[in-house]
Amino acid sequence: MGIFRRGRLSVILQKIFGKKHAKIGIYGPPNVGKTTLANRILRDWTGDIMGSVSEIPHETRRAKWKKDVRVENGSSSLLMDIVDTPGISTKVDFKEFMNTWGLTKEEAKKRAKEATEGVIESIKWLEDIDGVLLVMDATQDPFTQVNVTILGNLEARNLPVLIAANKIDMEDSSPATLKSAFPQHPVVPISALTGYNSDTLYSTMIKHFGKKRKKKWR
Amino acid sequence: MTKKDLGIAFNLVSRQKINGLNSEEKLNFILKEVKNGKILVLEQGLTPMEQTSLIERTMKEIEHDTFIGVEMEGYSEDSSSFLQKLFGKVKRPRMTLIGPANLLKMIKKDNDMIQTKIIPGSGAE
């Protein structure tokens, strides 16, 4: 009788059929469209949005999350907690906010300080997620150190990664470059802004994040 | 002539030196040197976990007017062969370049080459 208790049964089913509920982090460098993608996913499946977007880097400076987002594709589905993380970078220069984006010195310093705290928060979230939607800008060089570091970190933890090659609505985008740069991971070309190819993204998310895996603890 | 005009320190750090340090000591060593305006070429780079810790530590140490972060460029670990995986051989991080972000800029990186540019005027002797 014991094995038919509700909790126990769901654990057994999950072991047999894979994950049905996963905490997915949206990661990437600043300004690649992480929050735009989070908004797209939430708008499509909950009617809500995650946060504001801006051309100025480090617009998202605190992680935001939405629980119990069910993404469906035909008969399969996956229930996810979506975490939109601040952009990870190896440097934050307040002068860039002043010179490039016209912020006052005070605003720029405040934004820079919050951005550094955001990067730390993003890294801490890596301990607590089941999979990563890594957003890359398909118009940019894919081999940035942030991309390489995040991927190496996730591979070491044996966490599933799905690369969203974003901004393919732009003329100079090259999703093929991203695919050839990281052949070990699935790459889905998308436009988070227009919603182009989001159906393929959702079906790949269900398939990829729904698999059962052994998580490495470090 | 000021100290800064004398040139930029560019230090090659041997595999033996890096291997002799634990992760915490490596990060302390790198950050101390880089905050002093030195560019380091590590013969054997950091593991992805150490790279992540370096980013985290860097963010904690950023000071608006003196230290804006690091530029770090390297390649991911060598992939293991089937036999290496079978015998549990550890993958080794590859050569990595690390320097202060106000001094070292990455220009282009692909599978074969990392091109960087050094901006003179703010390095260490």
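Modeller: Before we start, a residue is buried if 20 or more other C-beta atoms lie within 10 Å of its own, and exposed if 12 or fewer do. Bear in mind too that this is a predicted model.

Colleague: Fine. Which residues on the other side of α4(A) are exposed?

Modeller: Start with the helix itself: α4 of chain A runs over residues 105-125 and reaches 30 Å from its first C-alpha to its last, close to the 30 Å expected. Its buried residues include A:Ala108, A:Arg111, A:Ala115, A:Val119 and A:Ile123. They cover an arc of only 160° around the axis, so they sit on the same side of α4(A). On the other side, the exposed ones are A:Glu106 and A:Lys124.

Colleague: And which helix of chain B helps cover the buried residues of α4(A)?

Modeller: Part of the cover comes from chain A, including β1 and α3 (94-99). Chain B joins in as well, with its own helix at residues 48-61, which is α3.

Colleague: How many residues does α3(B) give to the side of chain B that touches chain A?

Modeller: Take the whole contact first: 23 residues of chain B are in contact with 21 residues of chain A. On the chain B side, α3, β3 (70-74) and β5 (104-109) each supply at least two residues. By class, that side has 9 nonpolar, 6 polar and 8 charged residues. The element that gives the most is α3(B), and its share is 9 residues.

Colleague: Back to chain A, then. Why are the buried residues of α7(A) on the same side of the helix?

Modeller: Helix α7 of chain A has 12 residues, 198-209. Its buried ones are A:Leu201, A:Met205, A:Ile206 and A:Phe209. They end up on the same side because the arc they cover around the axis is only 130°.

Colleague: Which residues have the most contacts inside the largest nonpolar core, and which residues does A:Leu134 contact?

Modeller: That core has 71 residues, and those with the most contacts inside it are A:Leu134, A:Ile163, A:Ala164 and A:Ala165. Leaving aside neighbours within four places in sequence, A:Leu134 is in contact with A:Tyr27, A:Gly28, A:Ile150, A:Leu151, A:Val161 and A:Ile163.

Colleague: Last one: what pattern does chain B follow along the sequence?

Modeller: Chain B has 125 residues, of which 30% are buried. Among its contacts with a separation of 6 or more, 66% join residues 24 or more positions apart. It has 4 helices and 6 strands, and read along the sequence they give β-α-α-β-α-β-α-β-β-β.

Technical notes: Residues numbered from 1 in each chain as written. Chains lettered and ligands numbered in written order. Predicted model: local features only at pLDDT ≥ 70, side-chain atom pairs only at ≥ 80, totals over all residues. Core = buried A, V, L, I, M, F, W, Y, C linked by C-beta atoms within 7 Å. Contact = placed C-beta atoms within 7 Å. Expected span 1.5 Å × (residues − 1). Arc of directions from axis to C-beta. Nonpolar A, V, L, I, M, F, W, Y, C, P; charged D, E, K, R; others polar.
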